[in-house]
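Please look through the structure below and follow how its strands, side chains and loops are described in the report. The text goes from the confidence of the model to its sheet, its charged pairs and a few single residues.

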Amino acid sequence: MKKLLTTLFFLILLLSTVNVKATTYYVAPNGNDSNLGTITSPWLTLNKAWTIVSAGDIIYMRGGIYHPGNSTTTLSGKSGTAGNLITISAYQNEKPIIDYIGVSMTSQRCGLSLSSLNYVYFKGIHIRNMAMASSWNHYGFILWNDVNNCTFEQCEADHIGGWGFVI
């Protein structure tokens, strides 16, 4: 009986220390920010996903062309931890492209603006075609104040009319 109670005690202790499973969200070029953020009902923008995500969560960007218009994707004020990163990644072998082709750039723009965040992992995001139409330089990825312990893997920025990556 004592062995059974000891085993139950350690089992309960083990289960109480297990982390809660991360939530996986999806963004897609054919999504809608009123959707649920699931693979079959994805959101359209990273901005929407960012309002929901927390440490340990994953945001998968489905492949295809995202047309953000004149807006900037701004991710700020949230962080993962060393053991529970926030992940923003291309889904499987797909290639998400944030494309500003045809957008009139009358002031400075950023494709992906990051500030006040830590322990975020970015993988496979491509930003392109921010034509320089004025004296303003544009930024593909820009890391403002207090961005630490973030990883960028297989991310691209081209035809920006300024700088691809700025820290």
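Over which residues does pLDDT stay under 50, and how many contacts beyond four places in sequence does the model have for them? This stretch is residues 8-19, for which the model has one such contact, where contact means heavy atoms within 4.5 Å and pLDDT is the predictor's confidence in each residue, from 0 to 100. For the protein as a whole, the average pLDDT is 87, and 87% of the residues score at least 70. Residues are numbered from 1 along each chain as its sequence is written. The model is predicted, and local features need pLDDT of at least 70, side-chain atom pairs count only at pLDDT 80 or more, and totals for chains, interfaces and linings use all residues, while side-chain values use heavy atoms, with hydrogens and water left out.

**The open sheet**

Strands, like helices, are DSSP runs numbered from the N terminus (strands are E, at least two residues; helices are H or I, at least four). Four strands form an open sheet with parallel pairing, in the order 3-6-10-14, and two strands count as paired if DSSP finds at least two bridges between them. The edges are strand 3 (64-66) and strand 14 (156-158), each of which pairs on one side only. Neighbouring strands of this sheet are turned against each other by 20° on average, direction ignored; the axes behind such an angle are lines fitted to C-alpha atoms, for helices over the stretch in contact, and angles run from 0 to 180 degrees between N-to-C directions. Within the sheet, strand 6 (residues 96-99) and strand 10 (residues 126-128) run parallel and are joined by three bridges, and here Asp 99 stands opposite Arg 128.

**Charged pairs**

Side chains of opposite charge can pair when their charged atoms come close. The structure holds three salt bridges, a salt bridge being a side-chain nitrogen of Lys or Arg within 4 Å of a carboxyl oxygen of Asp or Glu. They are listed in the table.

| Salt bridge | N to O distance |
|---|---|
| Arg 62 and Glu 94 | 2.6 Å |
| Lys 95 and Glu 156 | 2.6 Å |
| Arg 128 and Asp 99 | 2.8 Å |

The pair of Arg 128 in strand 10 and Asp 99 in strand 6 links parts of the chain that are 29 residues apart. How accessible is Asp 99? Asp 99 is buried, with a relative accessible area of 5%, where buried means under 20% relative accessible area, exposed over 50% and partly exposed in between (1.4 Å probe, protein chains only). Its partner Arg 128 is partly exposed at 22%. In the pair of Arg 62 and Glu 94, Arg 62 has a relative accessible area of 21% and is partly exposed, and Glu 94 is partly exposed as well, at 27%. Glu 156 counts as partly exposed at 33% relative accessibility, and Lys 95 counts as partly exposed at 40%.

**Strand 9 and its partners**

In a regular strand the side chains alternate between the two faces of the sheet. Along strand 9 (residues 120-123), Val 120 and Phe 122 point to one face and are buried, while Tyr 121 and Lys 123 point to the other and are not buried. Strand 9 runs parallel to strand 5, to which four bridges join it, and Lys 123 is the bridge partner of Ser 89. Strand 9 also pairs with strand 13 (residues 151-153) in the parallel sense, over three bridges, and there Phe 122 stands opposite Phe 152.

**Single residues**

Asn 118, in strand 8 (residues 117-118), counts as buried because its relative accessibility is 18%. Leaving aside residues up to four places away in sequence, Asn 118 touches seven residues, namely Lys 78, Ser 79, Gly 80, Asp 146, Val 147, Asn 148 and Cys 150. Ser 115, which lies in strand 7 (residues 110-115), is buried too, with a relative accessible area of 14%.

Most residues other than glycine have a negative phi, and most peptide bonds are trans. Tyr 119, in the loop between strand 8 and strand 9, has a positive phi near 55° and is partly exposed at 26%. Asp 146, in the loop between strand 11 (138-143) and strand 12 (147-148), has a positive phi of about 60° although it is not a glycine, and Asp 146 is partly exposed, with a relative accessible area of 46%.
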